[in-house]
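User: I would like to go through this structure with you, beginning with its charged pairs. Could you help me read it?

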Amino acid sequence: MPAPQPALPLRAPRPAGRRALAAADFDSFYQANYAGTVAVAFGLTGDRGEAQDLAQEAYCRAWQRWPEISAYDNPGAWVYRVTVNLARSRWRNLRTAAAHLLRMRPVDVAPADPEHVALVTALRALPMDQRQAIVLHHLVDLPVNEVAREMGVPAGTVKSWLHRGRTELAALLGEHSRGGEPVPPDTVRQRGDRRRRARNGTLAAAAAAVCALVAVFAIRVVGPVWPGPTPPAQTPSPSPSQSPSAAPSATPLPSAPPPSPAPVTTVNAGDPILKTDWRRTTITVPAAPDCPSGQLTFRTRPAAGGFAPVAAPAGYPRITLDVGTVVYGDLTGDGAAEAVLGAACWGSEEDSGDGKSHQLVVTREAGGRLRALGWVGDRGAVYPGIWVADQVLYLEMHPWHGDLTGYRIGMAYGFRWTGKAFAPVDVSAAYPPVVPTVAGRRLDLTPVAGELRCNDLPPPAGELRPVFDADGVADGGDREWTLMPGAPSNGPYLVRLNPARPPYLLLRVSCAVDDTPGATADVQPSENLVLFDLAPDGWRALTRVPTPPEDYLVSQWRVVPGGLSVDHGRLNELSRTTTFRWNGTSFTR
């Protein structure tokens, strides 16, 4: 008798003769785990029909690789991870999809279930990062440390996200976690087989259409159509001629010198404040709501999950400092630099500090004592960009836990020291917002028109200066342009690629074939990451970040020494990260 065969390696395909056994194995796995997968997707989307769609897509992908997936220690974890990635990809494009759905919405809509409406409202009030943390921790039962590893953030950050959403969502998720009637597993396997064959032939588009039709007829859609986000507040304007209420100008404006923002402040390398060890220092801090004040001694305080914040005092209430991104510049006019640090206040051990962060400006007095001049910026905002120029503190603030006064994409906020406090300064002339398009503020895409991707449409001919509405959408005839805001974690809009010069503007410009009346499906847009510089009438494109043609989505970006680090990919697939080097005029890989 021949010796027993060794176990198959992780990626070895199963013999064709075991196809029926593999199908039975998959069917059992699908039926046992389907409801839990729908619960994960429902926790992220707040829509049962979309959750079922995401779950079936994940299992369709699992069947395509079932010989490999079935050999994993935990195939269910793989499906959960794919489901989360599918949900994140769809969430990034909800603003564009919402515009199409509004046009496709039926006239007669069944009354919405009150409990469903309440749950969806609560879920959609959470940022995507917090929503994913809640689902991974409460529905997938991952420990906080594993959630942190999965999301690539410190455990303390995960605790912060969990704290905000735990109370109001835990019960709701329990009440709405039923998976509904799943599509039969053989249907899912058939979809997977069609996908696998399509990858190796010329029928990819037809196979995708068949899968879409199966989903449409198999999934019971529940819940009202999302009417889209509330338009943001109006933008502050430097003059009446640039008021947001002014009608957009379709004709080129007269040539004029571009605005000249003050150069970014250069700090003397010998300034004593640069030698401060912010992990071990004492600062006199003024009063702020829910914050300790007075002379506080900051130290690195070990915390659960491995996150060691710089905090004072040792107990609560306390202040934590972000010492990894300290910005220096002269804000008082005495020739010496001040330091600007991110700070958050914590009321108790159970308090996450979430939604309480702003900026603390610290000066060095005679004798070396450190004193905070005051708190600056909106509490709860995100601060992806901070710089000092001409004794003005510039902040790029993104909404996070509340609305920001006059916020528009691309704008900066300015603050000047009066001798007693920091007062707001209108800097919109130097850093003009980009939506809505108004007279005197145009977004000129003409220099990169030939590089912009828009599904399979050819590049637009001639001048390209779209007129955007308050939601960042512009009609381009056969196509639709959208300035996609994304989540605060996507990255800064005002990027300092050269520390010696003012920031450039970086925007994610989406383009898709414009839907026609009667269209039966949304069109996945192509996303372009475009860099702009100041122009006489707003912003003019310099270059497009050269993400690969097959990757039509851009999720996150970060300024790194010498350029940008960008996450890019395709719908329902993991993103790839590429560093693009900046040479002063363009990006190279």
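Analyst: A salt bridge is a side-chain nitrogen of Lys or Arg within 4 Å of a carboxyl oxygen of Asp or Glu. Please keep in mind that this is a predicted model. One such pair is Asp 478 with Arg 479, whose closest N and O atoms are 3.0 Å apart.

User: Which of those two is buried and which is partly exposed?
Analyst: Arg 479 is buried, with a relative accessible area of 5%. Asp 478 counts as partly exposed, because its relative accessibility is 41% and the buried class ends under 20%.

User: Why can such side chains pair at all?
Analyst: Side chains of opposite charge can pair when their charged atoms come close.

User: How many salt bridges are there in the whole structure?
Analyst: A search of the whole structure finds twelve. Among them is the one between Arg 465 and Asp 537, with the closest N and O atoms 2.7 Å apart.

User: Where do Arg 465 and Asp 537 lie?
Analyst: Arg 465 is in the loop between S12 and strand S13 (473-475), and Asp 537 is in the loop between strand S17 (526-535) and S18, so the pair ties together parts that are 72 residues apart in sequence.

User: Are they buried or exposed?
Analyst: Arg 465 is buried, at a relative accessible area of 13%. Asp 537 also counts as buried, with 12% relative accessibility.

User: And which residues are linked with them in a network?
Analyst: The network of salt bridges links Asp 444, Glu 463, Arg 465, Asp 537 and Arg 540.

User: What about Arg 576 and Asp 551?
Analyst: Their side chains meet in a salt bridge of 2.4 Å, N to O. This pair links distant parts of the chain, 25 residues apart: Arg 576 belongs to strand S21 (residues 576-582), while Asp 551 is in the loop between S18 and strand S19 (553-560). Arg 576 is partly exposed, with a relative accessible area of 34%, whereas Asp 551 is buried, at 1%.

User: New topic: which residues touch the most other members of the largest nonpolar core?
Analyst: That core has 68 residues, and the ones touching the most other members are Leu 393, Val 434, Leu 443, Leu 505, Leu 507, Phe 532 and Trp 539. Strand S16 (residues 504-513) gives the largest share of this core, six residues. There is also a second, separate core of 39 residues, which includes Tyr 59, Trp 66, Val 82 and Ile 134.

User: What does Trp 539 touch?
Analyst: Leaving aside residues up to four places away in sequence, the contacts of Trp 539 include Val 434, Leu 443, Leu 505 and Phe 532. Arg 442 and Asp 444 are also among the residues it touches.

User: How many cavities of 30 Å³ or more does the structure hold?
Analyst: It holds one. The volume of the largest cavity is about 40 Å³.

User: What lines the largest cavity?
Analyst: Its lining includes Trp 539, Val 434, Leu 443, Arg 441 and Arg 442. Strand S12 (442-444) and strand S18 (538-544) are the elements that give two or more residues to this lining. By class, the lining has five nonpolar, two polar and two charged residues.

User: One last residue: where is Thr 482?
Analyst: Thr 482 is in strand S14 (residues 479-483). At 2% relative accessibility, Thr 482 counts as buried. The C-alpha atoms of Thr 482 and Ser 510 are separated by 4.9 Å, although these residues are 28 residues apart along the chain.

Terms used: Residues are numbered from 1 along each chain as its sequence is written. This is a predicted model: local features need pLDDT of at least 70, side-chain atom pairs count only at pLDDT 80 or more; totals for chains, interfaces and linings use all residues. Side-chain values use heavy atoms; hydrogens and water are left out. Helices (H or I, at least four residues) and strands (E, at least two) are DSSP runs, numbered from the N terminus. Buried means under 20% relative accessible area, exposed over 50%, partly exposed in between (1.4 Å probe, protein chains only). On a 1 Å grid over the protein atoms alone, a cavity is a set of points where a 1.4 Å probe fits but cannot get out, and a pocket is an open set with protein on both sides within 12 Å along at least five of seven lines; lining residues have an atom within 4 Å of a point. Grid points are joined across faces, edges and corners, and a volume is the space filled by probe spheres set on the points. Ala, Val, Leu, Ile, Met, Phe, Trp, Tyr, Cys and Pro count as nonpolar, Asp, Glu, Lys and Arg as charged, and the others, Gly among them, as polar. A nonpolar core is a set of buried Ala, Val, Leu, Ile, Met, Phe, Trp, Tyr and Cys residues joined through side-chain atoms within 4.5 Å. Contact means heavy atoms within 4.5 Å.
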